[in-house]
Amino acid sequence: MFELIQRHFIYFWYYFEIQFRLIFGYWVIGMAIGSLVSVFGKKKINEMFNSICKKKLGMWGVIPASLLGIASPLCLYGTIPIAASFAEKGLEENADFQAILAAFMMSSILLNPQILFYTAVLGTNVFLIRFLLCFLCGITAGIMVRIFFKEKKFFNFSGFYSSSDRDSDPNIILRFLKNFVRNIKATGLFFLIGIVLSSLFQCYVPADGLANLFGSNRGFGVLMAATIGVPFYVCGGGTIPLLQAWLHHGMSLGSAAAFMITGPAAKITNLGALKIVLGIKPFVFYLLFVFLFAFVNGFVINLIYML
């Protein structure tokens, strides 16, 4: 019995050690990039969003807003208070404010600099697909809000206020190090859990089964990937090892793309805050939009790579 347990542990440790060596460097550098942007660029990002809202760009404002959302290191819980402060300043009176804010928040939820860099471990194709889809998703979200909620209120920020800035240490180096340590603490456990799950998948889940689930049946595979993105996606960094294992065993790029959209957009930790900010009807609209966007684009990506 002991020998059996020992053999399984050695088998598991073999995959765990390989995954850890391949991904650890990307994770650390990704966290460092996120801390640099957060400490030295957050104020500039806020000023740029303020400028986009004040300029008369019309619907074109969703393009820079979506790019700015990707550049922002803030999570949803950091973005909401900032958005609330813009509403308090009267920017909400701008007819395109809701569309611009929707583009910014959507892309900010889906991606940030550290996760984008971290995705590079999955290869150039996945890196580019993730960036382009998140950028387009932000733009599309802004356009949809402008079309369907032109005369209605989409956001409700009552009760939300600007959060205090924790990056306030007068020493620049200490300010960066404190932010970096917070990022490591916030993501480290999920990083290890992701590698453990990935190693278990490689040890005990047949490669053919994963290929059939996420690869062979293209439409069904995309739908399944979009669906499991909700319960499986807890932390962006923690899901990279899982995606690496799944792609290695036959997951299609379209299925991976669908997972990377529905996962962060509909993860459980975000849905509660979104429900409060949006209200019932906009919240349902948001969920339908996310799943439809993920499925359609995942399906199209599979078609392109089948040609």
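These exercises work through contacts and exposure in the structure above.

The model is predicted: local features need pLDDT of at least 70, side-chain atom pairs count only at pLDDT 80 or more, and totals for chains, interfaces and linings use all residues. Residues are numbered from 1 along each chain as its sequence is written, and side-chain values use heavy atoms, with hydrogens and water left out.

**Exercise 1. The core**

Find the residues with the most contacts inside the largest nonpolar core, and the helix that gives the largest share of this core.

Solution.
- Start with the rule. A nonpolar core is a set of buried Ala, Val, Leu, Ile, Met, Phe, Trp, Tyr and Cys residues joined through side-chain atoms within 4.5 Å. Buried means under 20% relative accessible area, exposed over 50%, and partly exposed in between (1.4 Å probe, protein chains only).
- Apply it. The largest core has 87 residues. Leu101, Met106, Phe155 and Trp246 have the most contacts inside it.
- Assign the share. Helix α4 (residues 97–110) supplies eleven residues, the largest share of this core. Helices here are DSSP runs (H or I, at least four residues), numbered from the N terminus.

**Exercise 2. Aromatic pairs**

Classify the ring pair Phe20 and Phe24.

Solution.
- Set the cut-offs. Rings of Phe, Tyr and Trp (its six-membered ring) pair if their centres lie within 6.5 Å; planes under 30 degrees apart count as stacked, over 60 as edge-to-face and the rest as tilted.
- Search the whole structure. There are 15 aromatic pairs.
- Check this pair. The centres of Phe20 and Phe24 are 4.9 Å apart and the planes are at 20°, so the pair is stacked.
- Place the residues. Both belong to helix α1 (residues 2–54), four residues apart, so about one helical turn separates them.
- Check exposure. Phe20 is partly exposed at 27% relative accessibility. Phe24 is also partly exposed, at 33%.
- Extend the network. Ring pairs join Phe12, Trp13, Phe16, Phe20 and Phe24 into a cluster.

**Exercise 3. Cysteines**

Explain why Cys134 has no bond to Cys137.

Solution.
- Take the criterion. A disulfide is a pair of cysteine sulfur atoms within 2.5 Å.
- Compare distances. The closest cysteine sulfur to that of Cys134 is in Cys137, 7.0 Å away, which is too far for a bond.
- Count. The total is zero disulfides.
- Add burial. Cys134 is buried at 1% relative accessible area. Cys137 is buried at 0%.

**Exercise 4. The salt bridge**

Locate the partners of the one salt bridge and state whether they are buried or exposed.

Solution.
- State the rule. A salt bridge is a side-chain nitrogen of Lys or Arg within 4 Å of a carboxyl oxygen of Asp or Glu.
- Identify the partners. Arg146 pairs with Asp96, with the closest N and O atoms 2.6 Å apart.
- Map them. Arg146 lies in helix α6 (residues 124–148) and Asp96 in the loop between α3 (76–88) and α4, so the pair ties together parts that are 50 residues apart in sequence.
- Finish with burial. Arg146 and Asp96 are both buried.

**Exercise 5. A distant neighbour**

Describe the setting of Gly254 and its separation from Val296.

Solution.
- Place the residue. Gly254 sits in helix α11 (residues 253–266).
- Check burial. Gly254 is buried, with 0% relative accessible area.
- Compare sequence with space. Gly254 and Val296 are 42 residues apart in sequence, and their C-alpha atoms are 9.2 Å apart.

Methods
Helices (H or I, at least four residues) and strands (E, at least two) are DSSP runs, numbered from the N terminus.
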